[in-house]
Amino acid sequence: MKFFNKKETIVENISFFSIMSAINVIFVMLTAIFPPLMFLIVFILPLTSAVVTLLCKKKYYFIYFIVTVGLCLLCSFGIYMYDTFFYVIPALITGLIFGILIEKNVPPIHILTVTTIIQYVLTILTFIILDKILPSFDFFSRLYNIFGLNNFKFKDEFFHIFCFLLASIQNLFSFVFIYYFLKRFQFSFNLKSDNKLLINIGSFCTSVLAIIGYFIYSPLVYIGIFLSMFYFVYQTIELILTKNKGLIISLVVMFIIMLFAYPLLYSYPKRPLAIILLLILIGPVNILDLCNNTLLKRQVYIE
């Protein structure tokens, strides 16, 4: 389809990202009229931005970014400016990252990890910036009110968990949406992680982040564990797909040990950080996967 061909000339680039900007603005305006469409906009905006990144020259992306944000602010007349800050700007940035990583044939597990971290940071920054710009609106109190947590002792942990889970869910569905849409237009995807050690390193680093957070800043415990779970789920599925009896039995034994160890040790970590005990399972599975990759070399890929 010619519309989804690479854009070479400046006219082709400007014409294409103008259409994409218009689509973004239309969806933002429709969301203002019919708020439930908010659940759709978080997938549409990263998709249009990823397509612009893949088809247009990168040097024009800044123009696309400015035009889209400017038009969204202008068309909302400032009334729905929160949508621009909360959804449009983060989606434009994550869409760019999605496009670049897809173009570089980065495997999905790494794409999801990187974009989720970026989206998580952007969500926190958005809350902080809007709270500084409009202190009378009191975004944090409104968020805690929604969940009835104004007097909750661990509000800081809740805020980070909320932002991270929001980023994780959005990026997971965004990636699936982008993947199946672009696949229909013959974009190539690399679903194979050729360097398996990167997954082991990623799991190890996120586990270390959780341990460091336990002693320095408790919300990092949750972020580290949640990121570790990305790799843990991926590694567990790949180990099962090897159909190696020894590996599968080892996995089952680890799960059984975890079932008994977690309740026995639950009272030892300081509140509310008992979730760090999941490292009892995440760490050994990572080691088992490392042994499989380096010693047994039973390479399988999640398609």
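Where is the place of N13? N13 sits in helix α1, which covers residues 10–33. One word before I go on: this is a predicted model.

Let me stay with N13 for a moment. Is N13 buried or exposed? Its relative accessible area is 0%, and the cut-off for buried is under 20%, so N13 counts as buried. Now its contacts, leaving out residues up to four places away in sequence. N13 touches K7 and E8, and also C56, K57 and Y60.

Now the overall picture. The protein has 11 helices and 0 strands. Read from the N terminus, the elements run α-α-α-α-α-α-α-α-α-α-α. There are 303 residues, and buried residues make up 47% of them. Next, contacts with a sequence separation of 6 or more. Of these, 73% are between residues 24 or more positions apart.

On to a helix pair. I picked α5, residues 108–133, and α7, residues 155–183. Their axes are 8 Å apart, and the packing angle is about 135°. Why call them oblique? An angle over 145 would count as roughly antiparallel, and 65 to 115 as roughly perpendicular; the rest of the range here is oblique, so α5 and α7 are oblique to each other. The crossing of α5 and α7 is right-handed.

Who meets whom? On the α5 side, the residues are P108, I111, L112, T115, T116, Q119, Y120, T123, I124 and F127. On the α7 side, they include F159, F162, F164 and F175, along with H160, Q170 and N171. By class, this contact has 14 nonpolar residues, 8 polar ones and no charged ones.

Still in α7, look at F173. F173 is partly exposed, at a relative accessible area of 47%. Now find F43. F173 and F43 lie 130 residues apart in sequence, yet their C-alpha atoms are 7.1 Å apart in space.

Last stop: Q235, in helix α9, residues 219–241. Q235 is buried, with a relative accessible area of 0%. Which side chain does the side chain of Q235 make a polar contact with? The partner is the side chain of N286, at 2.7 Å. Set aside neighbours within four places in sequence, and Q235 is in contact with I199, N200 and S203, plus V285, N286 and D289.

To recap the single residues. N13 in α1 is buried. F173 in α7 is partly exposed. Q235 in α9 is buried, and its side chain has a polar contact with that of N286. That's my tour. Thanks.

Definitions and conventions:
Residues numbered from 1 in each chain as written. Predicted model: local features only at pLDDT ≥ 70, side-chain atom pairs only at ≥ 80, totals over all residues. Heavy atoms only, no water. Axes fitted to C-alpha atoms, helices over the stretch in contact; angles between N-to-C directions. Helix = DSSP H or I, 4+ residues; strand = E, 2+ residues; numbered from the N terminus. Parallel < 35°, antiparallel > 145°, perpendicular 65-115°, else oblique. Left-handed = near helix turned anticlockwise from the far one by under 90°. Contact = heavy atoms within 4.5 Å. Nonpolar A, V, L, I, M, F, W, Y, C, P; charged D, E, K, R; others polar. Buried < 20%, exposed > 50% of the residue type's maximum accessible area, 1.4 Å probe, protein only. Polar contact = N/O pair within 3.5 Å; in protein donor to acceptor, adjacent residues only side chain to side chain.
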